[in-house]
Amino acid sequence: MNPWRLAAPVIALVMAMPLCVVFGSVFVPTGETWTHLATYVLPAVTRNTVWLVLVVAVGTLLVGTLSAWLTAVVEFPGRGFFVWAMMLPLAVPGYVFAFALAGVFGYSGPASDLWRTVTGQPLPQWGGGAASASCLILGLYPYVYLLARQAFLTQGRQSLEVAQSLGLTRLAGFWRVALPLARPWLAAGVALVIMETLADFGTVKVFNFDTFTTAIYAAWFGLFSLPAALQLSAVLLLAVAAAVVLERFWRGASRFSAQNGSAPQRRLQPSVSQRWLAFGFCALVFALAFVIPVGQLLLWALAHAEVEWMPRYWGYARSSLILASAAALLVTSLALLLGFADRHAPARTTRISVIVATLGYALPGTVLAVGFFAVIAGLGHALSAAVEWLSPGAAGVTLTGTLLVMLLAYAARFLAVAYSPITSGFERITPTLDEAARGLGASGWRILRRVHWPLLSGGTATAALLVFVDVMKELPITLITRPFGWDTLATRIFQLTTEGEWERAALPALAVVIAGLAPVLWLQRQDTTG
């Protein structure tokens with residue numbers, strides 16, 4: 001039997017183990033802890049989560065679509081700058097974004113002080129839900145922006161000209177032609193936003209707004225009940241599945257064609273006042289989503305550098321680098337094996353295995369952390385029982401206090417991130433190269449090492465970079481599954497913000513933001529359209 005036909009199913013089986021455990025927890029008899037959660041916690045977190053998802057989805061759809069339309073179709077001052085600048089908020093993790101804006105607009109923040117000086121009245125303060133939704137909208141709108149802009153660029157101006165020839169105004173053409181044609185891209189962008197909102201932990205934690213992710217964390221670390229955390233994770237998984245089905249239903253079975261042409265499309269030339277209005281909108285969004293929070297981090301970091309710049313800080317950075325490097329190596333290797341298996345042994349089981357193995361990116365980190373912890377804990381108990389049976393009195397086997405759980409959860413979460421650039425690299429390699437290598441007697445491993453690897457170096461480096469940065473920013477998996485004493489920059493930020501030490505959290509937060517700029521700049525390089 002071709003061993004490559006086993007590679008993809010084995011990887012998929014390992015990545016799917018936490019899902020099986022989480023769904024299996026539904027059939028476990030419930031105790032008093034789950035009864036308490038179902039009565040007093042579940043209704044509130046369900047209501048909060050649904051409300052947050054709806055508000056963030058609508059908000060990102062509006063902000064992302066309008067900014068994409070302006071930068072893609074309309075000519076206005078600064079358009080070339082905003083084309084790539086509107087993507088920069090992707091570099092700021094949600095938990096960093098939240099405490100930075102909370103510091104700016106909080107009761108004692110500079111924005112509140114300025115407002116009181118000018119108006120004599122205190123700046124209105126939003127509650128936890130409104131603040132969480134606002135931060136998530138400003139931090140996640142680039143997902144919609146990137147896809148919507150691509151949709152509007154492929155449409156070109158011809159669609160509007162056709163609409164105008166039928167008697168429609170520009171505004172009517174936008175609503176009745178451009179938006180319907182962009183619906184698949186908008187649906188995909190909003191689906192990503194919904195997934196990220198359901199998975200968010202740090203933002204809602206900063207504002208003490210209870211959702212499923214915070215409830216799972218509290219059930220595990222507050223009530224010390226892994227079964228309750230698993231069952232809450234199962235409910236959250238159902239919500240993720242519902243979001244995926246809703247996105248597919250909204251997209252429907254419609255087919256949309258793009259207009260491709262080598263000639264650059266002429267942009268709309270609005271009036272002078274309309275141009276400056278477009279500039280003002282993009283500038284306001286960019287300032288709120290990037291300039292103000294990063295500027296506040298810089299001010300805090302400079303003012304408190306001596307306090308936080310200590311030997312322990314380098315320990316946090318070293319832990320982050322070790323963890324991110326190990327995860328990048330593991331995940332990239334798995335993605336490379338998965339891509340080669342799909343190419344070398346194409347079959348229905350392989351394709352299904354690829355889908356299952358890369359499904360984790362749509363799942364919240366808290367769910368994966370709880371699921372893998374339960375799997376590894378069960379494996380550790382089984383190994384301990386085997387050791388006790390073979391050698392009575394011998395020490396048991398402990399696996400849950402190691403990096404194994406973290407790395408497996410990272411692999412499940414970010415395998416899709418690494419698989420995408422690697423499979424794109426495989427698609428650029430012509431099958432004739434494989435046939436020539438086989439004709440010279442090369443086997444599967446030799447083809448991968450001698451033929452594919454040199455040609456995949458660029459895609460592999462990109463995959464490793466994306467995984468490295470994602471792990472540097474990741475919070476819930478690291479926070480829940482890290483070994484005792486293993487603190488990273490992300491967990492340090494969480495500890496300081498939980499204690500209200502926002503100023504001291506600025507230095508590690510700034511380091512994480514700088515690391516996050518790498519994939520954003522990479523995305524900007526891929527976008528060659530003006």
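Counting ring pairs in this predicted model gives 18 aromatic pairs. One of them joins Tyr217 and Phe494: the ring centres are 6.3 Å apart and the planes stand at 70 degrees, which is over 60, so the pair is edge-to-face. This pair ties together distant parts of the chain, with Tyr217 in helix α11 (residues 212–221) and Phe494 in helix α22 (residues 489–498), 277 residues apart. Are these two residues, Tyr217 and Phe494, buried or exposed? Both Tyr217 and Phe494 are buried.

Elsewhere, ring pairs gather Phe76, Phe81, Phe82, Trp84, Trp276, Phe279, Phe286 and Phe290 into a cluster.

Now let's look at helix α2, which covers residues 32–73. Its 42 residues reach 58 Å from the first C-alpha to the last, close to the 62 Å expected at 1.5 Å a residue. Even so, α2 bends by about 50 degrees at Val41, and a proline, Pro43, follows within four residues.

How far can you lean on the coordinates? The chain has a mean pLDDT of 80, and 80% of its residues reach 70 or more. Over residues 253–264, however, the pLDDT is below 50, and this stretch has ten contacts in the model beyond near neighbours in sequence. Here are the two extremes among the elements of the chain:

| Helix | Residues | Mean pLDDT |
|---|---|---|
| α7 (lowest) | 158–165 | 60 |
| α13 (highest) | 272–303 | 92 |

Notes: Residues are numbered from 1 along each chain as its sequence is written. This is a predicted model: local features need pLDDT of at least 70, side-chain atom pairs count only at pLDDT 80 or more; totals for chains, interfaces and linings use all residues. Side-chain values use heavy atoms; hydrogens and water are left out. pLDDT is the predictor's confidence in each residue, from 0 to 100. Contact means heavy atoms within 4.5 Å. The expected span of a helix is 1.5 Å times one less than its number of residues. The bend at a residue is the angle between axes fitted to the seven residues ending there and the seven starting there. Rings of Phe, Tyr and Trp (its six-membered ring) pair if their centres lie within 6.5 Å; planes under 30 degrees apart count as stacked, over 60 as edge-to-face and the rest as tilted. Buried means under 20% relative accessible area, exposed over 50%, partly exposed in between (1.4 Å probe, protein chains only).
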